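Me: Could you take a close look at one part of this structure for me, and then follow the connections outward from there? I work in computational chemistry, so please keep the residue names and the numbers in.

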Amino acid sequence: MENLIDDYVRDETDLSIDVTLFPYANLYERVSSVLTTGGTGYDAILMDDTWFPQFAANLDPLEQWLPDGLPTEQLIDTTVDITTWPTPGAPKVPSAEDMDEKIRGQVVVGNTQMFVYNTAYYEEVGEEEPKTWDDVLRAGQSIDEEIADTNGYVIRGQRGNPANTNFMSIGWSNLGDMFDEDWRYQWDSSEGEDVVSFFVDDLRSISPDGVGSFNSDQVLNRIGEGSAAQGMAWPAAASTLLDDDTAEADNLEFIPIPEGEVQQAPMQGNWLLGINSNISDDRKEDAGTVIQSIISKEAQDRYVELGGVPFRHDTFEDNMDAEPWYEALYESLQNAKPRPRTPLWNEIDVTQGEYLNSALTGDMSPAEVVSETKNEVESILENAGYY
């Protein structure tokens, strides 16, 4: 994004634009400090989509500040919904009960989960591209049994957010939404136990030892060196795995997340840009001009050349050959699901991820995972006035 501003946006808007960069954790702290205390130090704020429910009320409705309006016909629907507050089709949180739906930001990084598998290993055991999670397990078991020194799958199972991030698309695809319209946890069922068992027993049985401590680096290393046959990957991981120094780069294929019993449900992990509601109208106009430039077709074509992760239909359609994983990402974005739209998600995320990790390490059963998650998550929500 900074490169795009340097390379295109400054000249196209004829504005002076200062970009300040922070590491992830520091960015959250700065965003929170600026938006919730009436701060005016920053005009446009970039944030992870999981932060948006917490800060949406501090971002101005966007469309009034875009000189040419939002190019909605070219924006993938999921990237518009995730920047709308309250979120369309999602249960409302108490703080948003009296708010009308307004677009309060714009996706500028089309980050979404994909799936990667080793085509050479699949061919060796006579399997075709996996379409469903059952296909993934069947092929993985064959690879695990028939190919020496290779695991059929690799789980990102580190305690908390990593384990839950690796599980959510499996949960959504087989169980539907985690919460009902009243914010009651829906995965505490025999079906929920079966899906957790698929993750912590079936997939773990064909994963490397010690996946309870695996984060992204360990997952990528195993897939890249060929000691694991398949797993989940984000766009940044795709670029890493296809690097010339990756042993298995020529054998890796990126596809959308496999389907479950209910749907295909890759996790949405977009980054959003919004306008600070605390600043003056003149500055809001300038911020709108900058955002308008960033999301234009001309800027997005340049964004692709710079290594960006697009979010427009026409950008994908005109640049599909720019990256081997663009086709998978484009399909995934159109089916993607956001994390539940509540400011409490980070706490909920860690809670379920801790229990999933305990099951991966053999300290809890699948039944205990869904039961304890329901109890603790609903307690979090009740204490926050959701019931």
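Reply: Happy to, and let's begin with helix α15, where the buried residues are Trp 345, Ile 348, Asp 349, Thr 351, Gln 352, Gly 353, Tyr 355, Leu 356, Asn 357, Ser 358, Ala 359 and Leu 360. Please keep in mind throughout that this is a predicted model. Those residues make 12 of the 16 in α15, so the helix is largely enclosed by the rest of the structure. Burial here means a relative accessible area under 20%.

As for its geometry, α15 covers residues 345-360 and reaches 22 Å from its first C-alpha to its last, close to the 22 Å expected at 1.5 Å a residue. What does the helix pack against? The buried residues of α15 pack against α7, α8 and α16, the last of these being residues 366-383. After α15 comes Gly 362, with a positive phi near 85°.

Two of those neighbours, α7 and α8, lead us on to another helix. The buried residues of α6 pack against α7 (161-175) and α8 (190-205), and also against β5 (114-118), α5 (119-124) and β6 (230-233). So α7 and α8 are packing partners of the buried residues of α15 as well as of those of α6, by the 4.5 Å heavy-atom contact cut-off.

Helix α6 itself runs over residues 133-146, 14 residues in total, and its 20 Å from first to last C-alpha is close to the 20 Å expected. Its buried residues are Trp 133, Asp 135, Val 136, Leu 137, Ala 139, Gly 140, Ser 142 and Ile 143.

Trp 133 deserves a pause. With ring centres within 6.5 Å as the criterion, the model holds 19 aromatic pairs. One of them is Trp 133 with Phe 198, an edge-to-face pair at 6.4 Å centre to centre with 75° between the planes. The two partners come from distant parts of the chain, with Trp 133 in α6 and Phe 198 in α8, 65 residues apart. Both rings are buried, so neither reaches the 20% cut-off in relative accessible area.

There is also an aromatic cluster to look at: ring pairs link Phe 167, Phe 179, Trp 183, Tyr 185, Trp 187, Phe 199 and Tyr 386. Trp 183, one of its members, lies in the loop between α7 and α8. Its backbone is worth a look too, since Trp 183 has a positive phi of about 65° although it is not a glycine. Is Trp 183 buried or exposed? At 3% relative accessibility, it counts as buried.

A useful contrast is Asp 149, which lies in the loop between α6 and α7. Asp 149 is likewise not a glycine and has a positive phi, near 60°. Here, though, the residue is exposed, with a relative accessible area of 75%. If you are checking backbone dihedrals, you may also want the peptide bond from Trp 85 to Pro 86, which is cis with omega near -5°. Pro 86 sits in the loop between β2 (84-85) and β3 (102-103).

Charged side chains join the aromatic picture in two places. Arg 184 lies over the face of Tyr 387, at 3.6 Å from the ring centre. The charged end of Lys 337 sits over the ring of Trp 172, 5.8 Å from its centre.

Now for α5, one of the elements that the buried residues of α6 pack against. Glu 123 is found in α5 and is exposed, at 63% relative accessible area. From the C-alpha of Glu 123 to that of Ser 293 is 46 Å, with their places 170 residues apart along the chain.

Finally, a word on open space. The largest pocket has about 870 Å³ of space. Its lining comprises 30 residues, and those nearest the centre are Asp 18, Val 19, Thr 20, Tyr 42 and Ala 44. At least two lining residues come from each of α1 (2-13), α2 (24-36), β1 (44-48), β8 (271-275) and α11 (281-294).

Notes
Residues are numbered from 1 along each chain as its sequence is written. This is a predicted model: local features need pLDDT of at least 70, side-chain atom pairs count only at pLDDT 80 or more; totals for chains, interfaces and linings use all residues. Side-chain values use heavy atoms; hydrogens and water are left out. Helices (H or I, at least four residues) and strands (E, at least two) are DSSP runs, numbered from the N terminus. The expected span of a helix is 1.5 Å times one less than its number of residues. Buried means under 20% relative accessible area, exposed over 50%, partly exposed in between (1.4 Å probe, protein chains only). Rings of Phe, Tyr and Trp (its six-membered ring) pair if their centres lie within 6.5 Å; planes under 30 degrees apart count as stacked, over 60 as edge-to-face and the rest as tilted. A charge sits over a ring if NZ of Lys or CZ of Arg is within 6 Å of the ring centre and within 35 degrees of the ring normal. On a 1 Å grid over the protein atoms alone, a cavity is a set of points where a 1.4 Å probe fits but cannot get out, and a pocket is an open set with protein on both sides within 12 Å along at least five of seven lines; lining residues have an atom within 4 Å of a point. Grid points are joined across faces, edges and corners, and a volume is the space filled by probe spheres set on the points.
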